[in-house]
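Colleague: I should like to learn how to read the features of a structural model. Please give the general idea each time, and then the case at hand.

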Amino acid sequence: MPTASASLRFARRLDWPAWLGVTPFFVFAAMFLILPTAGLLAGAFQDRDGAFTFANFLRLGQPSIRLSFALSLEISAASAAIGALAGLALALAALRGGVADWVRPALMTFSGVASNFAGVPLAFAFMATLGRLGLVTVLLRQLGLDLYAHGFNILTFWGLTVTYLYFQIPLMVLVVAPAVDGLKREWAEAAETLGASAWQYWRMIALPILLPSALGGSLLLFANAFGAIATAYALTGSSFNIAPILLYAQIRGDVLHDPNLGYAMAVGMLAITGVSNLVYLALRGRAERRFR
Amino acid sequence: MTRGRLGAWAAVALGAVYFLAPLVATFEFSLRMRRGQYSFDAYETVFASGAFRESFLYSTVLALATIVVVAALVVPTAYFVRLRLPRLAGIVEFITLLPLVIPAIVLVFGYIRLYGSSSALPLTGSSLGADALLMFGYVGLGLPYMYRAVDTALQAIDARTLTEAAESQGAGSLRILVEVILPNIRSGVLSGAFLTFAIVIGEFTFASLLDRPAFGPYLQRIGASRAYEPAALAIVAFALTWASLGLIHLVGGASPGAKR
């Protein structure tokens, strides 16, 4: 069989031009993604003299670091949970709620923009909105509701969470939209014809279909918030001690007085975003296979 | 109108208020610089400042360099993986997702350790080296978006048939890539480029920790020292993001929503 042996020969021969074409990509990945991360990993397991140790990770338990991780986890969890619920509700309303046709493209386009509108300018926008002199703060005060007298401050936990939601909700909308689209209208009609209540439809049909995407989306939002620093830094300066801000101070001026402890802290952050992202990707893979 | 539809409209209205209020408030705040009346003074002050122009120019040039490099890395890789090295597809996809998994602050810490002034390749030691390091960091940030955009475009054009047709005319790999494939996936490359631009133009973490005179650190400094200019800059930044992503729709590429 000439064709079979020809293709076999082809497979054995190394495809030089193709390998040459992908080489720069792998060199880039090694130099600017893998080796820098591996270097931190190595440093995290070394003491000052370069000997192997686990001690750096044990010392992550010291109060300043532990509290910064706890605060980061809380703020990421709060903004992910609220963002996921609000994003899912918004996607359901716009895509399956029977609203006007223009809502869908408007929401999707806006979400594309807003999910990328993070960082320093977002902090400015919320200062101008909910800061002490912000428009919403002032308007609400004129209506008799003084937010700041009730303990609200844009520079606190809830202030930062409300700010993060500005990119978290749109990101969730983008992530769950395919799953919401996968929810066929006929299924709701069929369930109704068969005598199912609305509650039964949601519990037994809609929820199981949306669940992988919704859970995956929440994890993505969680990781997204956990690694973010620019918004928080621009909003609060270095006064608000979440983990990325503490790490920023460590990189700038070794505030922990121990470089290796800094590496361990970076690895700890990476472990948290890594695990949540990997579970998200696994769930997304499942959801994508289903809706393809 | 059914109760469900009423609820859906209520949700959409609530969302609209949450998303529009900060834009309205920021715009209103940016007009308050002159006492007693609305004016564009804050914008004039910003645009007239040398620091604004220099940092914005720096970041624009850097963003353009980033786009060229990320496209030059991604186009051949996506093409060869799709056509001739399919067994690399898994590992390449994994690598393109790494920049979304590793927080920027962690990655830049790794750069400083690996390429610090006392290392074998002391990129941070010189101004040009640090510029290059920042650009490669941004190439990483753009990688997931550019790869998805290019790969989707390649999927749509039947690259295999095009390649075979060009090969039968005697064209080599490089020529096929540049003269046959690239023009056909232009919209994908452009969507990746605009998205990359939107992400890196005001980037703060890398630029600040590598001590580069970029737009992101400039924004942060203004935020810490001025009252009305930050609001004007936020409006400018939002308009930039909107324009970059709007151009994607114009060139007909994949919607930015499909990104991750």
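Modeller: The discussion below moves from the overall form to the chain contacts and then to single residues.

Colleague: How should the numbering and the nature of the model be understood?

Modeller: This is a predicted model, in which local features need pLDDT of at least 70, side-chain atom pairs count only at pLDDT 80 or more, and totals for chains, interfaces and linings use all residues. Residues are numbered from 1 along each chain as its sequence is written, while chains are lettered from A and ligands numbered from 1 in the order in which they are written.

Colleague: How many helices and strands are there in chain A?

Modeller: Helices (H or I, at least four residues) and strands (E, at least two) are DSSP runs, numbered from the N terminus. Chain A has 13 helices and zero strands.

Colleague: What radius of gyration does chain A have, set against a compact globule of 292 residues?

Modeller: The radius is taken over C-alpha atoms, and the globule rule is 2.2 Å times the number of residues to the power 0.38. That rule gives a value near 19 Å for 292 residues, whereas chain A has 25 Å. Along its principal axes, the C-alpha trace of chain A spans about 70 × 65 × 30 Å.

Colleague: Which domains does the assignment give for chain A?

Modeller: Domain bounds come from an automatic or database domain assignment. Here they are domain 1 (1-44) and domain 2 (59-291) of chain A. Their centres, taken over C-alpha atoms, are separated by 36 Å.

Colleague: How many residues of these two domains of chain A are in contact?

Modeller: Two residues are in contact if their C-beta atoms, placed from the backbone, lie within 7 Å. Four residues of domain 1 of chain A meet five residues of domain 2 of chain A in this sense. For classes, Ala, Val, Leu, Ile, Met, Phe, Trp, Tyr, Cys and Pro count as nonpolar, Asp, Glu, Lys and Arg as charged, and the others, Gly among them, as polar. The domain 1 side comprises three nonpolar, one polar and no charged residues.

Colleague: How many residues of chain A are in contact with chain B?

Modeller: Contacts join 66 residues of chain A to 69 residues of chain B. Helix α2 (residues 16-44) of chain A supplies the largest share of the chain A side, 16 residues. By class, that side holds 48 nonpolar, 17 polar and one charged.

Colleague: Which residues of chain B does UniProt list as "transmembrane region"?

Modeller: UniProt positions are given in the numbering used here, feature names are shortened, and annotations may be inferred rather than shown by experiment. The unreviewed UniProt entry lists residues 56-81, 88-112, 132-150, 189-210 and 230-251 of chain B. In the model, residues 56-81 of chain B are 100% helix and 0% strand, with end C-alpha atoms 37 Å apart. Residues 230-251 of chain B are likewise 100% helix and 0% strand, with 32 Å between the end C-alpha atoms.

Colleague: Is Phe215(B) buried or exposed?

Modeller: A residue is buried if 20 or more other C-beta atoms lie within 10 Å of its own, exposed if 12 or fewer, and partly exposed in between, with C-beta atoms placed from the backbone. Phe215(B) counts as buried because it has 28 C-beta neighbours inside 10 Å. Phe215(B) is found in helix α11 (residues 215-225) of chain B. Leaving aside residues up to four places away in sequence, Phe215(B) touches Ser55(B), Phe56(B), Ser59(B), Ile201(B) and Gly202(B).

Colleague: Why is Ile205(A) counted as partly exposed?

Modeller: Ile205(A) is partly exposed because 17 other C-beta atoms lie within 10 Å. Ile205(A) lies in helix α10 (residues 198-227) of chain A.
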